[in-house]
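Visitor: I'd like to know what stands behind the labels people put on a model like this. Can you take me through it?

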Amino acid sequence: SSCRNPYLAASKHFVEKDLEVSAAGRVFMITGANSGIGKATALAIAKRGGTVHMVCRNKDKAEEARADIVKETGNKEVYVHVLDLSETKKVWEFAEGFKKKYKTLNVLVNNAGAIMNQREVNAEGLEKSFATNVLGVFILTKSLIPLIEKSLDPRVVSHGVLWGMLVQKLRIGNLQSDRGRFDGTMVYAQHKRQQVVLTEQWAKAHPTIHFSVMHPGWVDTPTVANAMPDFHRSMKASLRSPEQGADTVLWLALSEAATKNPSGRFYQDRRVVPAHLPLAWTHSSPLEEQKLMALLEDMAKTFQPH
Ligand SMILES: NC(=O)c1ccc[n+]([C@@H]2O[C@H](COP(=O)([O-])OP(=O)(O)OC[C@H]3O[C@@H](n4cnc5c(N)ncnc54)[C@H](O)[C@@H]3O)[C@@H](O)[C@H]2O)c1
């Protein structure tokens, strides 16, 4: 029943007019925009007149989603780019090419995320979910920052997982998950912890851009159904719809209210929430956080096209 859905309780404090905004004249890039929360985000932005660049792995699925969005919104400024974020060199090539071709990018939404059942490596020898969830996000964002920075009211919104914040402390000693048993769900939670650190560090380094990372709630999408089938089955009645899951992303990407909060924070249901429990063991030292940035920087450089 609807009373089990936590979104309905949380939305009681929402200010409705925060999202009664036009996105006309603004340019958005959304990764993994063909499905789930990403598609709901793309559709809501297109509905408000924004230009949407959908960055997707599968061309057919992306074109199908694009056709749905154009049909439902009447907005034709919706573009498909084919990119597998787990292919490290291709991420560089895509971002550098985009920067040359387009003059504006107001908002980047790092939506795509992957949970692997078993450890696999990409052509560069990197564990695939790390390449997608961490290094792909790092390279895409880093490469596009100069373009984002010169656009009006620039923002970067990334996807985190609140539960991941409770169960994972930043660990930089096993970035390739090649030691110990591979538990794809815990690896994914660690990647989300790393994305929180990236967001905090970028916020410090690039004060003109508004960075945020948010937990969409538990949402009924293929990622959850495939990677956590038991959880999905038992929670089904209280899972949110993709539209409800997209609410805080949209609020962070579109509302004026969001940018009144400081950059680099973690959100759930339009509110800043701590990325750690009080006195939690999950806190990391500034030195470790800087080490993560340096490691990613070095790794990214290794695969940068010349
Ligand atoms: N559904 C939830 O309950 C939940 C909870 C917390 C966070 N999230 C986050 O929300 C985001 C969206 O996930 P969703 O739940 O809508 O699932 P989804 O499966 O509907 O969407 C995931 C998207 O990411 C894309 N993707 C995965 N690997 C990719 C790759 N290598 N290259 C390009 N695209 C790739 C998929 O194609 C898909 O479009 C993810 O970052 C996820 O971690 C979801």
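**Around the ligand**

Guide: Sure. This is a predicted model, and of the 27 residues around the ligand, Gly32, Gly36, Gly113, Thr221 and Thr223 come nearest. Helix H2 (36-47) and helix H8 (222-227) are the elements giving two or more residues to that shell.

Visitor: What makes a residue count as near the ligand?

Guide: Its C-beta atom, placed from the backbone, has to lie within 6 Å of the molecule. By class, the shell has 11 nonpolar, 14 polar and two charged residues. Gly counts as polar here.

Visitor: On to the sheet. Why are S3 and S8 called edge strands?

Guide: The open sheet has eight strands in the order S3-S2-S1-S4-S5-S6-S7-S8, with mixed pairing. S3 and strand S8 (271-272) are its edges, as each pairs on one side only.

Visitor: How do you know that S2 and S3 pair?

Guide: Pairing takes at least two bridges. Five join strand S2 (residues 51-56) to strand S3 (residues 78-82), and the two run parallel, so they count as a pair. Histidine 53 stands opposite tyrosine 79 in S3. From S2 the chain crosses through helix H3 (residues 59-73) to S3, a right-handed β-α-β crossover.

Visitor: And what makes S1 and S4 a pair?

Guide: Three bridges link strand S1 (residues 27-31) with strand S4 (residues 107-110), in the parallel sense; the bar is at least two, so they qualify. Phenylalanine 28 stands opposite valine 107 in S4. Helix H5 (residues 128-149) packs on the sheet, touching S4 and strand S5 (155-159), and its direction makes about 175 degrees with that of S4.

Visitor: What pLDDT does the chain average?

Guide: It averages 94, and 98% of the residues score at least 70. The model's ipTM is 0.98 and its pTM 0.97.

Terms used
Residues are numbered from 1 along each chain as its sequence is written. This is a predicted model: local features need pLDDT of at least 70, side-chain atom pairs count only at pLDDT 80 or more; totals for chains, interfaces and linings use all residues. Helices (H or I, at least four residues) and strands (E, at least two) are DSSP runs, numbered from the N terminus. A crossover is right-handed if, with the strands pointing away from the viewer, the path from the first strand over the helix to the second runs clockwise. pLDDT is the predictor's confidence in each residue, from 0 to 100. Two residues are in contact if their C-beta atoms, placed from the backbone, lie within 7 Å. Axes are lines fitted to C-alpha atoms, for helices over the stretch in contact, and angles run from 0 to 180 degrees between N-to-C directions.
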